[in-house]
Amino acid sequence: MGMGELMATELGARFLRSQGIETSWWDARLGLKTEARESASVRANYLSATCDFAPDAALRASLGHCRAL
């Protein structure tokens with residue numbers, strides 16, 4: 001699951017670079033961590049994952065090379 005999204009974002013980043021737009025691709029799986037919902041079943045947690053949306057200083061520091069932060 002998600003392989004199409006990974007391919008599409010890589011292709012998008014390569015296209016932008018080919019157009020002279022400085023960009024870099026980042027694998028969101030490295031920074032997005034899902035949270036289990038207590039009232040949800042295992043299946044529901046898997047199919048309807050949710051993430052903590054609070055700012056993460058360590059993640060921000062690791063992405064310091066990105067200008068849009």
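The following questions and answers introduce a predicted model through its salt bridges, a buried asparagine and a pocket.

In this predicted model, local features need pLDDT of at least 70 and side-chain atom pairs count only at pLDDT 80 or more, while totals for chains, interfaces and linings use all residues. Residues are numbered from 1 along each chain as its sequence is written, and side-chain values use heavy atoms, with hydrogens and water left out.

User: How many salt bridges does the structure hold?

Analyst: A salt bridge requires a side-chain nitrogen of Lys or Arg within 4 Å of a carboxyl oxygen of Asp or Glu. By this criterion, the number of salt bridges in the structure is 2.

User: Which residue meets Arg14 in a salt bridge?

Analyst: Arg14 counts as exposed because its relative accessibility is 52% (buried means under 20% relative accessible area, exposed over 50%, partly exposed in between, with a 1.4 Å probe and protein chains only). Its partner also lies in helix α1 (residues 3-18), 4 residues apart from Arg14, about one turn of the helix; helices are DSSP runs of H or I with at least four residues, strands are runs of E with at least two, and both are numbered from the N terminus. At 2.6 Å from N to O, the side chain that meets Arg14 is that of Glu10.

User: Is Asp27, the salt-bridge partner of Arg29, buried or exposed?

Analyst: Asp27 is placed in the loop between α1 and β1 (34-35). The closest N and O atoms of Arg29 and Asp27 are 2.7 Å apart. Arg29 has 53% relative accessibility and therefore counts as exposed. Asp27, with a relative accessible area of 12%, is buried.

User: From which residue does a backbone nitrogen lie 2.8 Å from a polar atom of the side chain of Asn45?

Analyst: Asn45 belongs to helix α2 (residues 42-47) and is buried, because its relative accessible area is 19%. Not counting residues up to four places away in sequence, Asn45 touches Glu35, Ala36, Arg37 and Ala40, where contact means heavy atoms within 4.5 Å. The backbone nitrogen at 2.8 Å belongs to Arg37.

User: Which helix gives the most to the lining of the second largest pocket?

Analyst: A pocket is an open set of points on a 1 Å grid over the protein atoms alone, with protein on both sides within 12 Å along at least five of seven lines, and lining residues have an atom within 4 Å of a point. The second largest pocket is lined by 13 residues, and Gly31, Asp52, Ala54, Asp56 and Leu59 lie nearest its centre. With 3 residues, the helix that gives the most to this lining is α3 (residues 57-62).

Definitions and conventions: On a 1 Å grid over the protein atoms alone, a cavity is a set of points where a 1.4 Å probe fits but cannot get out, and a pocket is an open set with protein on both sides within 12 Å along at least five of seven lines; lining residues have an atom within 4 Å of a point. A polar contact is a pair of N or O atoms within 3.5 Å; within protein, one must be able to donate a hydrogen and the other to accept it, and residues adjacent in sequence count only if both atoms are side-chain atoms.
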